[in-house]
Amino acid sequence: MTELSALSAVPSGARDAVLKFYFGPMDCGKSTLALQMNYNHGRQGRRGLVLTKHDRSGGPKVTSRIGLGLEAIEVEDSLDLVRLVTAHDRIDYLICDEACFYTVEQIEQLADLVDSHGVDVYAFGLASDFRSVMFPAAQRLFELADEVCRLQVEVLCWCGRPGQLNARIVGGAMARTGEQVVIGDTDDAPVRYQVLCRRHHRAGQLGEGTGMGAGTPEGGSAA
């Protein structure tokens, strides 16, 4: 029996459809894997849609830190994902980047697509926000997904320990309160993001020179 990997492209009807959630902090390769999976499935003749929300590019695209990119459908809060998919003649799979920013209702719709329409759903995103509080959509994915995978691409805190949490930096200091989703810039903007280990996230220590490890929108730096 052939073992399936995260990148396997399996023809429709060969097995039950699945809902998989791939998560990790900024810069761990989520968007890169999303693009690679879309390429592999499409190469086998499968038909899919690529979805995103709040991509780092500011547009309806999936982009990665290593320069890969693809046009995508922007997931507005009002978008019904079941209607989106069933409006097409045939959709075999969905690539859902930045799924942590979807509504909880949209996560339920993804499960409906798997269970009632036989569509494979591969979701990618952060688990928690800048306060280390889980995003509602991510929490629902943890509860509903057939498989939850922490990406293994190592992201380091400034101290050299594994980076686990995303810190929001406002005016050079780590923020503890504020809106759950705020778009940040990749440069020395008033709002940016930095990956920290648990110890330094809890302590609010950013290391020598807060420019180290800057990120983009929460979730927008998934590559």
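E98 is buried, with a relative accessible area of 0%. In this predicted model, E98 sits in the loop between β6 and α3. The residue stands out in the record too: UniProt, in an unreviewed entry, puts the feature "active site" at E98.

The same kind of record also points to a second set of positions. Under "binding site", again from an unreviewed entry, UniProt lists V181, V182, I183, G184 and Y193. Of these, Y193 can be placed in strand β11, which covers residues 191–196. Y193 is buried, at a relative accessible area of 0%. Its side chain is not without a polar partner, though: the side chain of Y193 makes a polar contact with that of R168, at 2.9 Å. R168 has a ring to deal with as well, lying over the face of F130 at 3.7 Å from the ring centre. R168 thus appears in two contacts, one polar with Y193 and one over the ring of F130.

Turning to the strands, β2 (residues 48–52) is mostly covered, with 4 of its 5 residues buried. Strand β2 has parallel pairings with two strands. With β6 (residues 93–96), the pairing runs over 4 bridges; with β5 (residues 73–74), it runs over 2 bridges. L51 takes part in both: this residue stands opposite C96 in β6, and its bridge partner in β5 is I73. As a general point, side chains in a regular strand alternate between the two faces of the sheet.

L51 and C96 turn up again in the packing. The largest nonpolar core has 33 residues, and those with the most contacts inside it are L51, L94, C96, Y102, L110 and L113. Quite a few elements chip in: β1, β2, α2 (81–86), β6, α3, β7 and α4 each supply at least two residues of this core. Helix α3 gives the largest share, at 5 residues. In soluble globular proteins, nonpolar side chains tend to be buried together.

Aromatic rings add another layer, with 5 aromatic pairs in the structure. One of them joins F23 and F142, edge-to-face, at 5.0 Å centre to centre and 65° between the planes. F23 belongs to strand β1 (residues 19–23) and F142 to helix α4 (residues 136–144), so this pair ties together parts that are 119 residues apart in sequence. The two partners differ in how covered they are: F23 is buried at 10% relative accessible area, whereas F142 is partly exposed at 30%. F21 comes into the picture here as well, as ring pairs link F21, F23 and F142 into a cluster.

A further edge-to-face pair is made by F101 and F135, with 5.5 Å between centres and 85° between the planes. This one also links distant parts of the chain, 34 residues apart: F101 is in the loop between β6 and α3 (104–117), and F135 is in the loop between β7 (120–125) and α4. Both rings are on the covered side, F101 counting as buried at 7% relative accessibility and F135 being buried at 1%. The loop that holds F101 runs between β6 and α3, and E98, the residue this account began with, is placed in the loop between those two elements.

Terms used
Residues are numbered from 1 along each chain as its sequence is written. This is a predicted model: local features need pLDDT of at least 70, side-chain atom pairs count only at pLDDT 80 or more; totals for chains, interfaces and linings use all residues. Side-chain values use heavy atoms; hydrogens and water are left out. Buried means under 20% relative accessible area, exposed over 50%, partly exposed in between (1.4 Å probe, protein chains only). Two strands pair if DSSP finds at least two bridges between them. Rings of Phe, Tyr and Trp (its six-membered ring) pair if their centres lie within 6.5 Å; planes under 30 degrees apart count as stacked, over 60 as edge-to-face and the rest as tilted. A charge sits over a ring if NZ of Lys or CZ of Arg is within 6 Å of the ring centre and within 35 degrees of the ring normal. UniProt positions are given in the numbering used here, feature names are shortened, and annotations may be inferred rather than shown by experiment. A polar contact is a pair of N or O atoms within 3.5 Å; within protein, one must be able to donate a hydrogen and the other to accept it, and residues adjacent in sequence count only if both atoms are side-chain atoms. A nonpolar core is a set of buried Ala, Val, Leu, Ile, Met, Phe, Trp, Tyr and Cys residues joined through side-chain atoms within 4.5 Å.
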